Amino acid sequence: MQLTIHRGTREIGGTVIELRTHRTRLLVDIGRPLNSNSAPIDVSALKPDAALISHPHQDHCGLIDQLDPSVPVYMGALSQQLISATRIFRDQKLPDHNIKHFEKWQPFTIADVTITPYLMDHSATDAYAFLIEAEGKRIFYSGDFRASGHKSFLFDRLLQDPPQNIDLLLLEGTMMRRRSDQFPDETSVRRKIEAVLKDQQNIAFLIASSQNIDRLVSALHACRHTGKVLVIDIYTAWVLELVSRISTRVPTMDNDHVNVYADHNMDQRVKNNPGLFRDFRKRFYRHRVTKEELKADPARYLYYSKMSRFRTMELYKRYGPINLIYSQWLGYLKLKNDAYYGAEQMAAFQTDPHVDFTYAHTTGHATVETLAQLERCLQPGLTVPVHTEYPQDYPKHFSRVTPLRDGEPFDLF
């Protein structure tokens with residue numbers, strides 16, 4: 001079996017990995033890069049027989065449209081729904097690929113390759129690691145994972161019953177030179193949000209991803225404990241709806257501490273797709289909150305938002321200082337608007353006298369200590385860095401490290 005990491009040996013995001021046997025060419029993740037200076041990859045030119053998606057973040061699935069529609073793409077069923085949801089609300093074309101679903105912990109085959117998906121704890125829901133077996137070799141790809149979220153029990157489960165005889169471990173290293181001591185887990189984030197809400201005099205905004213289900217749950221718990229109401233948009237309400245179909249522990253817009261703000265453009269997307277959304281539109285209008293209600297008692301609300309809503313934040317500053325809880329990677333604030341819309345305005349809020357800016361975020365990625373736990377447990381013959389900016393640091397923490405370079409084929413004998 002031959003391994004080629006086309007992107008990811010010295011870069012976070014945009015992961016593209018190729019595994020080849022004598023019969024099969026398999027792509028594992030086909031991500032859009034986060035770095036604007038990243039070298040482009042035409043995944044269609046690699047002529048894969050199939051592609052495998054670990055989770056629905058764009059830096060792992062964003063190049064799917066480059067593939068020939070006839071190429072089968074394997075992912076979790078919820079991942080497909082979340083990818084489609086994003087496109088519907090952005091008024092983009094839905095993927096028309098030959099998408100096939102796998103089940104957690106259930107082996108399946110692609111020609112002569114056997115794959116076992118391991119459900120993992122990550123800031124994206126429906127995230128997987130993979131055991132990949134072919135030609136007598138066993139590769140374990142960690143995907144993006146952590147052990148500090150509401151699903152940390154999944155990592156414990158893996159440690160208690162790990163796959164054996166791993167020849168090569170493809171190990172992500174996002175946190176190789178980063179620390180998460182201030183907010184080591186979701187509980188610490190929730191407590192910080194609560195502390196802000198207890199003293200708020202005006203509306204509070206929480207800047208976070210709509211697909212970060214753990215963060216949504218933390219925000220809702222904080223609202224319950226402080227008597228506040230969580231305001232979400234229609235897209236976020238739909239994401240919760242999708243996830244709640246497979247997990248009864250995930251709250252929906254029907255919760256007493258949740259209201260939905262019905263943005264006109266998003267409302268039209270729902271209205272124009274009645275076959276998909278069915279009674280969803282009627283239901284979110286039952287929980288709708290209006291502009292007038294928000295303005296009448298702004299201190300009652302925590303508005304779950306994205307950076308691009310900075311104009312809404314500016315509007316509420318006229319009623320007094322707003323609370324702004326930034327709950328994403330701080331690196332986004334260093335980007336220009338053409339790379340991440342709203343980033344420059346959000347960065348300016350850090351020094352705005354009318355904004356009480358608070359940082360409260362825990363990473364979606366494993367700490368070095370957690371990575372070392374996994375490596376010791378699996379005892380791989382080789383460890384290969386991926387999804388990292390610092391492959392040179394791996395030998396300090398792991399055994400039998402073999403760093404590769406983008407595009408460099410590596411044969412497993």
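Colleague: Let's start with β2: is this strand mostly covered or mostly open?

Modeller: Mostly covered, since 4 of the 5 residues in β2 are buried. Keep in mind that this is a predicted model. To call a residue buried here, its relative accessible area has to be under 20%.

Colleague: And which strands does β2 pair with, starting with β1?

Modeller: The general idea goes like this: strands of a sheet pair through backbone hydrogen bonds, either parallel or antiparallel. In this case, β1 (residues 2–7) and β2 (residues 16–20) run antiparallel, joined by 5 bridges. On the other pairing, β2 also runs antiparallel to β3 (residues 25–30), again with 5 bridges.

Colleague: Which residue of β2 stands opposite Ile5?

Modeller: That's Ile17. Thr4, for its part, stands opposite Glu18 in β2. Here's a handy rule for looking at such pairs: in a regular strand the side chains alternate between the two faces of the sheet.

Colleague: What about Leu19, which residue is its bridge partner in β3?

Modeller: Look for Leu26. While you're there, trace the chain from one strand to the other: β2 and β3 form a hairpin, with 4 residues between them.

Colleague: Zooming out, what is the order of strands in the sheet?

Modeller: Read it across as β6-β5-β4-β3-β2-β1-β19, an open sheet of 7 strands with mixed pairing. The edges are β6 (98–101) and β19 (409–411), each pairing on one side only. Ignoring direction, neighbouring strands in this sheet are turned by 25 degrees against each other on average.

Colleague: Which helix packs on that sheet, and which strands does it touch?

Modeller: Helix α2 (residues 77–89) does, touching β5 (72–75) and β6. The direction of α2 makes about 105 degrees with that of β5.

Colleague: How many helices and strands are there in the whole protein?

Modeller: You'll find 13 helices and 19 strands.

Colleague: And how do I read the radius of gyration?

Modeller: Compare it with what a compact globule would have. For 413 residues that would be near 22 Å, and the protein has 22 Å, so the two agree. Along the principal axes, the C-alpha trace spans about 70 × 50 × 40 Å.

Colleague: What share of the residues is buried?

Modeller: Buried residues make up 59% of the 413. As for the outside, the accessible surface comes to about 18,000 Å², and 45% of that belongs to carbon and sulfur atoms.

Colleague: Last one: among contacts between residues at least 6 apart in sequence, how many join residues at least 24 apart?

Modeller: 71% of them do.

Definitions and conventions: Residues are numbered from 1 along each chain as its sequence is written. This is a predicted model: local features need pLDDT of at least 70, side-chain atom pairs count only at pLDDT 80 or more; totals for chains, interfaces and linings use all residues. Side-chain values use heavy atoms; hydrogens and water are left out. Two strands pair if DSSP finds at least two bridges between them. Helices (H or I, at least four residues) and strands (E, at least two) are DSSP runs, numbered from the N terminus. Axes are lines fitted to C-alpha atoms, for helices over the stretch in contact, and angles run from 0 to 180 degrees between N-to-C directions. Contact means heavy atoms within 4.5 Å. The radius of gyration is taken over C-alpha atoms; the globule rule is 2.2 Å times the number of residues to the power 0.38. Buried means under 20% relative accessible area, exposed over 50%, partly exposed in between (1.4 Å probe, protein chains only). Accessible areas come from the Shrake-Rupley method with a 1.4 Å probe; for residues, only the protein chains shown count as cover.
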